[in-house]
Amino acid sequence: MNARMDAIFREADPLISHILDRALSGHEITISDGISLYSARDTSIHLVGMVANILRYNRVGDVVTYVVNRNINFTNVCIRQCGFCAFSRDFREDEGYMLPVSEIVRRAAEAHRLGATEVCIQAGLPPDMAPDTYENICRSIKAELPDIHIHGFSPEEVLYGAQRSNITIREYLLRLREAGVDTLPGTSAEILDQKLRDKISPGRITVESWKKVIETAHSLGIRTTSTMMFGHMETIGQRVRHMALIRDIQRETGGFTEFVPLDFIAQEAPMYKNRLHDSIKAGAGGVDVLLTHAISRIMLHNIDNIQMSWVKEGGRMAQLLLLWGANDFGGTLINESISTSAGAGHGQLLRPSHIRKMIVDMGRIPAERTTSYNIRRRFDKEPGQAGLDVADPSEFGSYAELIKIDRYRYKNPRS
């Protein structure tokens, strides 16, 4: 440690300094340590960020990655009524939609032509869904685009598909893998605390079932991301225990590619808009966002990549988070509907050239990656623009437009 850092350590809270010194020495910090780091104030706040930045550099260096991808949320019809979700519609509502497989494939092919290497497939849980729906989507995409990576189906969707098929989670994951699924998004996690989940999303996948899907996927060689939605009703202790659980799973399986803290977007979320709970918050504040990313980096010593969400935080905060432990910008997305419907104000598309500029502005080295974090291209200088950089975003449509298109309107099977 140099003299400047030593002086900052002396100015900081002694407990915070002790915890961070242990983290820099390679020791795993405890749940109580993580909770203590959230109490950092004044100089100690900056010290938490500095240590996270050092650990980031030691782990992955100065390369900041992103993936060129498209989100395809093929239906918003869902049997769940989660308090944080403004995207879903009941099957009886006029704004429910369901994309036919041909349109899903068309969107994937359009993205592929523009340079996308990944399509992220997630959606609602429509009632009376055919058991082979997800498999048919994957087979159809792979038949047209055999080399595109399908990052598809949350643990909630995997569980639903298995239940609709009346088979085990393992058997269903094997079917998905055979159909073309390459990796799973580790979403539907929110906060992995059952009492809290029973409040904000009653009936949603349980903590134990989420773990079972993730651990089974990892055992089959299907890697996943991991996420945490924060800034709503959770306590600091629940956040840190969530991180510790992710760390424990990673220790056992090694199957997580990244961890993504996701700030709660409150504006249109039913539980906030309708004030369903007295303790509901309107997302995290700026310092809380910074600390959460930094503490994620410090606690999750066995996960290389901490991704920030530019959709949730916006470009400037995303840049700042590169100094607080994050090393991945996520994806270009092209059609992001779920956060957008909840009130996120930062658009549905971030061009690769814009991502690269923001990375370079922070003194880092941009690189395009695959979903599994293999580097495709490192950009030591900016190339000429092509593909998605010159595409017209209006061509891709929006969620607000999609829910009004008659030919995609969900046909109620119960009417």
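These exercises work through one predicted model, from the whole chain down to single residues. Numbering starts at 1 along each chain as its sequence is written, and side-chain values use heavy atoms, with hydrogens and water left out. Because the model is predicted, local features need pLDDT of at least 70 and side-chain atom pairs count only at pLDDT 80 or more, while totals for chains, interfaces and linings use all residues.

**Exercise 1. Take stock of the chain: state its secondary structure, its buried share and its contact range.**

Step 1. The chain holds 18 helices and 11 strands. Both are DSSP runs numbered from the N terminus: helices are H or I with at least four residues, strands are E with at least two.

Step 2. Of the 415 residues, 61% are buried. Buried means under 20% relative accessible area, exposed over 50%, and partly exposed in between (1.4 Å probe, protein chains only).

Step 3. Take contacts between residues at least 6 apart in sequence; 75% of them join residues at least 24 apart. Contact means heavy atoms within 4.5 Å.

**Exercise 2. Describe the surroundings of strand β7.**

Step 1. Check burial. β7 spans residues 256-263, and 8 of its 8 residues are buried.

Step 2. Find the partners. β6 (residues 224-230) pairs with β7 in the parallel sense over 6 bridges. Two strands pair if DSSP finds at least two bridges between them. Methionine 229 has leucine 262 in β7 as its bridge partner.

Step 3. Trace the connection. From β6 the chain passes through helix α11 (residues 236-253) to β7, a right-handed β-α-β crossover. Right-handed here means that, with the strands pointing away from the viewer, the path from the first strand over the helix to the second runs clockwise.

Step 4. Look at β8 (residues 305-306). It runs parallel to β7, joined by 2 bridges. Phenylalanine 259 faces isoleucine 306 in β8.

**Exercise 3. Classify the packing of α5 against α6.**

Step 1. Get the geometry. The axes of α5 (residues 101-113) and α6 (residues 133-144) come within 9 Å and cross at roughly 45°. That angle makes α5 oblique to α6. Axes are lines fitted to C-alpha atoms, for helices over the stretch in contact, with angles from 0 to 180 degrees between N-to-C directions. Under 35 degrees counts as roughly parallel, over 145 as roughly antiparallel, 65 to 115 as roughly perpendicular, and the rest as oblique.

Step 2. Assign the hand. The crossing is right-handed.

Step 3. List the interface. Val101, Ile104, Val105 and Ala108 in α5 meet Asn136, Ile137, Ser140, Ile141 and Glu144 in α6. An α-helix has 3.6 residues a turn, so residues three or four places apart point the same way.

**Exercise 4. Lay out the sheet that contains β1, then place α17.**

Step 1. Order the strands. 4 strands form an open sheet, β9-β1-β10-β11, with mixed pairing. β9 and β11 (375-378) are at the edges with a single partner strand each, so one side of each has no neighbour in the sheet. The twist averages 25° from one strand to the next.

Step 2. Pick one pair. β1 and β9 run parallel, joined by 2 bridges. Threonine 65 is opposite aspartate 328 in β9.

Step 3. Add α17 (residues 352-361). Its buried residues are Pro352, Ser353, Ile355, Arg356, Met358 and Ile359. They pack against β1 (63-67), α15 (315-321), β9 (328-331) and β10 (365-369). Glycine 363 follows α17, with a positive phi near 75°.

Methods:
A crossing is left-handed if the near helix is turned anticlockwise from the far one by less than a right angle, and right-handed if clockwise.
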